[in-house]
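This report looks at enclosed space and at aromatic ring pairs in one structure. The sequence and the model are shown first.

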Amino acid sequence: MPLAYCLLAAPHHRFPNHPECPERVTAIEAALDKLQLGADKQVLHLTELPQQLPEGLLEAVHTREHVDRLRATSSSIQAPQAVRDADDPDGPTFATPTSYDDALRAACAAVALVDAVAAGRSANSSGGSSRANAAVAPSGCEAAAGFSICRPPGHHATPDDQMGFCLLNNAALAARHAQRAHGLDKVMILDWDVHHGNGTQDVFWEDPSVLLVDIHQAGVWPGSGGLEETGAGVGAGATINVPLPWHSGHEAAQQAFELVIAPAARRVKPDLLLVSAGYDAHVADPLEHLQFQAATYHWLTSRLCELAAELCGGRLLLVLEGGYNQQALGECVVETVRALLGRPSGQQEPPATGSELLQAAQLPHPEEPLEQVAGVLEQVRQLHGLA
């Protein structure tokens with residue numbers, strides 16, 4: 001089966017007038033309805049999820065103090081409450097009475113999809129072997145690729161704290177589960193959210209078994225993700241940050257893939273490709289200032305599918321992160337799913353909206369800063385020996 005996916009809107013995890021809200025997922029679901037996935041026998045909508053993560057997995061990513069604090073906060077409050085950055089103009093990191101359970105379910109979805117992807121490729125791949133604690137996804141659930149469209153997001157959650165709307169780090173938990181349960185020892189995480197995935201970086205800072213490539217907008221919150229941040233100890237060089245200049249767009253994303261992402265992947269030859277799939281780099285997103293388009297994500301996902309087929313038996317998993325213009329978010333996820341299914345961008349049956357690449361004159365900043373982009377990419381290539 002080419003694709004397994006899961007949708008969890010977490011309707012009770014909400015804060016007044018907050019951009020990270022349940023309507024993000026319901027907008028995605030409405031957009032996906034146009035693809036008529038329910039009629040596609042090659043697509044599995046995963047609805048049965050475990051209630052707990054495999055023993056020891058949470059502690060492999062987060063400190064016990066962080067997990068206990070998150071659980072205690074949710075169980076002790078009666079209404080939404082800011083737990084960090086209460087004065088952030090974009091909105092605080094918040095908790096509600098259901099937030100711990102909602103975060104756990106989002107993590108369980110990502111882990112179950114790891115199981116599905118590992119099972120779907122185990123018969124045709126030489127890399128990795130299933131282990132006893134892998135039985136998280138329902139029996140018989142197998143897929144070539146997975147997409148966890150769940151909230152709350154996770155890539156800002158550090159080992160010991162919640163931040164940036166994130167409570168538990170879904171991508172990091174999925175990576176660790178792939179290693180622990182399936183013997184997929186080398187994992188590559190590509191984070192294409194507009195904000196640097198500082199939490200994921202912190203988790204794997206000294207770990208050479210996980211390659212993190214993070215493309216993000218330079219000079220914005222959370223303030224990390226500089227070129228010089230490359231990991232430490234035995235993990236030195238396993239973190240690759242690509243801070244893109246403001247107003248970078250489709251061509252910058254293509255160049256970053258061809259000059260950094262693909263060469264880094266081919267050097268490491270991962271057993272699993274995992275994507276922290278934030279869509280707030282879209283030109284219409286209200287929070288920052290990159291100019292990706294829906295078609296950009298189709299292009300990136302198509303190339304990742306090719307890369308996964310070349311390097312790791314097709315194992316590819318995407319985990320939803322940011323994206324706060326709900327219409328644009330729906331369009332971007334539709335384009336991503338089209339690519340995962342091998343369908344062209346802007347397919348006319350059913351009719352597509354928003355998937356055509358805008359001309360430069362239609363963008364808020366018509367000219368991408370391609371000279372600056374080239375300079376950043378050359379620095380990254382020299383620093384990491386990719387040139």
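## The cavity

In this predicted model, the largest cavity has a volume of about 180 Å³, and a search of the whole structure finds one cavity of 30 Å³ or more. Its lining is made up of 21 residues, and those that lie nearest the centre of the cavity are His156, Gly164, Phe165, His195 and Trp221. By residue class, the lining of the largest cavity divides into seven nonpolar, seven polar and seven charged residues.

## Aromatic pairs between helices α7 and α8

Seven aromatic pairs are present in the structure. One of them joins phenylalanine 257 and tryptophan 299 in an edge-to-face arrangement, with 5.7 Å from centre to centre and 85° between the planes. Because phenylalanine 257 belongs to helix α7 (residues 250-268) and tryptophan 299 to helix α8 (residues 294-311), this pair ties together parts that are 42 residues apart in sequence. Both phenylalanine 257 and tryptophan 299 are buried.

## The tyrosine pair and its cluster

The ring centres of tyrosine 279 and tyrosine 297 lie 4.7 Å apart and their planes stand at 70°, so this pair is edge-to-face. It links distant parts of the chain, since tyrosine 279 sits in the loop between β9 (272-277) and α8 while tyrosine 297 lies in helix α8, 18 residues apart.

Tyrosine 279 has a relative accessible area of 1% and is therefore buried, and tyrosine 297, at 0% relative accessibility, also counts as buried. Ring pairs further connect Tyr279 and Tyr297 with Trp192 and Phe292 in a cluster.

How values were computed:
Residues numbered from 1 in each chain as written. Predicted model: local features only at pLDDT ≥ 70, side-chain atom pairs only at ≥ 80, totals over all residues. Heavy atoms only, no water. Phe/Tyr/Trp six-rings, centres within 6.5 Å; stacked < 30°, edge-to-face > 60°. Helix = DSSP H or I, 4+ residues; strand = E, 2+ residues; numbered from the N terminus. Buried < 20%, exposed > 50% of the residue type's maximum accessible area, 1.4 Å probe, protein only. 1 Å grid on protein atoms, 1.4 Å probe; cavity = no way out; pocket = protein on both sides within 12 Å on 5 of 7 lines; lining within 4 Å. Points joined across faces, edges and corners; volume = space filled by probe spheres on them. Nonpolar A, V, L, I, M, F, W, Y, C, P; charged D, E, K, R; others polar.
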